[in-house]
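Thank you all for coming. Please take a moment to look at the sequence and the structure before I begin.

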Amino acid sequence: MDFKVKLDRRVLATGAVAATLFMSGCATPPDPKDEAAVEAYNEANDPLEPMNRYFVEINHLLDEMLLKPFAGYYHTALPQFAQDGVRNAVRNLHSPTIFANDMLQGSFGRAGDTAGRFFINSTIGLAGLFDVADNFGMKYHDEDFGQTLGWYKVGEGPYLMLPVLGPSNPRDVSGRIVDYALDPLTWVGYIYNVGWINTVRGGLEGIDTRARNMQAIEELQKGSVDFYATIRSLYRQHRNDAIRNGEDPNDVISQGITTEDQIPSDGKDAPTVMLLPTAKAPET
């Protein structure tokens with residue numbers, strides 16, 4: 001069937017990007033006698049650093065030419081309540097995939113919240129434009145198959161910087177492919193020939209995320225000695241925190257709270273990694 005062929009091509013294209021990165025751009029390992037250099041090399045886990053830095057430059061160019069201007073217009077033209085409506089609607093469309101990963105992790109309470117949020121926000125919330133479920137104590141949380149693999153202790157593999165998509169690793173690339181297959185909109189799009197729905201959703205999500213983090217990205221660029229290394233570190237911290245569902249054992253023991261509790265419910269100050277690497281790395 002035609003939709004199956006198209007799906008296979010999209011999945012193969014995503015996998016091909018990762019395969020290309022693996023086969024090229026490997027960094028030279030340090031002298032084994034230099035213990036400090038070897039330790040730093042292993043900790044960075046970034047054998048593809050030259051290629052990754054190249055893609056940072058590509059992403060920066062795309063950001064400056066396309067994403068950043070659109071995000072600026074979006075932020076200026078739309079009042080805050082409209083921007084919140086866009087984000088709420090996009091989040092609501094992700095609910096089936098989040099629910100599937102909640103179930104795969106055995107997090108049945110969180111799965112119940114996701115299902116409840118989807119039902120309430122899709123009806124009372126007018127197709128997700130309003131986060132009514134939040135008023136019922138059903139807080140938003142995100143899950144993806146990359147997190148599910150991490151939950152089951154699957155290693156992340158070497159750091160990757162993907163064109164357009166930004167920071168990742170082999171585990172999260174695999175997760176993207178599975179989430180794409182799990183998403184009902186994927187199949188609806190191909191069966192009814194309305195694949196543009198996913199394109200529009202992805203575009204709106206990217207622009208909204210970029211607009212919300214405009215100032216944070218600029219400050220990070222100015223304050224980082226090596227922006228590339230900073231993003232690599234932040235990405236790993238964010239993903240590890242997401243796999244633990246925001247729970248830091250030290251915080252739980254000493255304070256009885258979680259990292260997730262410290263993030264405002266509107267999500268404005270929540271960590272973001274989707275678009276940060278589009279900024280230019282400092283010249284060496």
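I will go through the salt bridges, then two helices, then the cavities, and end with two loop residues.

A word on the source: this is a predicted model, in which local features need pLDDT of at least 70 and side-chain atom pairs count only at pLDDT 80 or more, while totals for chains, interfaces and linings use all residues. Residues are numbered from 1 along each chain as its sequence is written, and side-chain values use heavy atoms, with hydrogens and water left out.

Let me start with the salt bridges, by which I mean a side-chain nitrogen of Lys or Arg within 4 Å of a carboxyl oxygen of Asp or Glu. A search of the whole structure finds 18 of these salt bridges. One of them joins R232 to E49, with the closest N and O atoms 3.8 Å apart. That pair links distant parts of the chain, since R232 sits in helix α12 (residues 227–243) and E49 in helix α3 (residues 49–77), 183 residues apart. Helices and strands here are DSSP runs numbered from the N terminus, helices being H or I runs of at least four residues and strands E runs of at least two. For burial, I call a residue buried under 20% relative accessible area, exposed over 50%, and partly exposed in between, with a 1.4 Å probe and protein chains only. On that scale R232 counts as buried at 13% relative accessibility, whereas E49 is partly exposed at 23%.

A second salt bridge is formed by D226 and R53, whose closest N and O atoms are 2.8 Å apart. Here too the pair links distant parts of the chain, with D226 in the loop between α11 (214–223) and α12, R53 in helix α3, and the two positions 173 residues apart. Both partners are partly exposed, D226 with a relative accessible area of 24% and R53 with one of 22%. If you look at these residues together, you will find that D46, E49, R53, D226 and R232 are linked in a network of salt bridges.

A further salt bridge joins E156 and R236, the closest N and O atoms being 3.0 Å apart. E156 lies in the loop between α7 (145–151) and β1 (160–162), while R236 is in helix α12, 80 residues away in the chain. E156 is buried, with a relative accessible area of 19%, and R236 also counts as buried, at 13%.

Staying with β1 for a moment, this strand holds M161, which is buried with a relative accessible area of 0%. M161 and E49 are 112 residues apart in sequence, and their C-alpha atoms are 8.6 Å apart in space.

Now to the helices, where the expected span is 1.5 Å times one less than the number of residues. The 14 residues of α4 should span 20 Å, and the end C-alpha atoms of α4 are 20 Å apart, which agrees. Of those 14 residues, 10 are buried, so that α4 is mostly covered. One residue of α4 is Q83, buried at 2% relative accessibility, and the side chain of Q83 reaches the backbone oxygen of H75 at 3.3 Å.

Helix α8 (residues 170–182) has 13 residues and reaches 18 Å from its first C-alpha to its last, close to the 18 Å expected. Among its buried residues are R171, D172 and D179. At the start of α8, a side-chain oxygen of N169 comes to within 3.1 Å of the backbone nitrogen of R171.

What, then, of the empty space inside? Taking a cavity as a set of points on a 1 Å grid over the protein atoms alone where a 1.4 Å probe fits but cannot get out, with lining residues having an atom within 4 Å of a point, a search of the whole structure finds three cavities of 30 Å³ or more. The largest has a volume of about 100 Å³, a volume being the space filled by probe spheres set on the points, which are joined across faces, edges and corners. It is lined by 13 residues, of which R91, N92, S95, R117 and Y140 lie nearest its centre.

Finally, two loop residues deserve a look. L126, in the loop between α6 and α7, has a positive phi near 55° although it is a residue other than glycine, and L126 is exposed at 51%. V164, in the loop between β1 and β2 (166–168), likewise has a positive phi, of about 70°, and V164 is exposed at 57%.

Methods
Polar contact = N/O pair within 3.5 Å; in protein donor to acceptor, adjacent residues only side chain to side chain. 1 Å grid on protein atoms, 1.4 Å probe; cavity = no way out; pocket = protein on both sides within 12 Å on 5 of 7 lines; lining within 4 Å.
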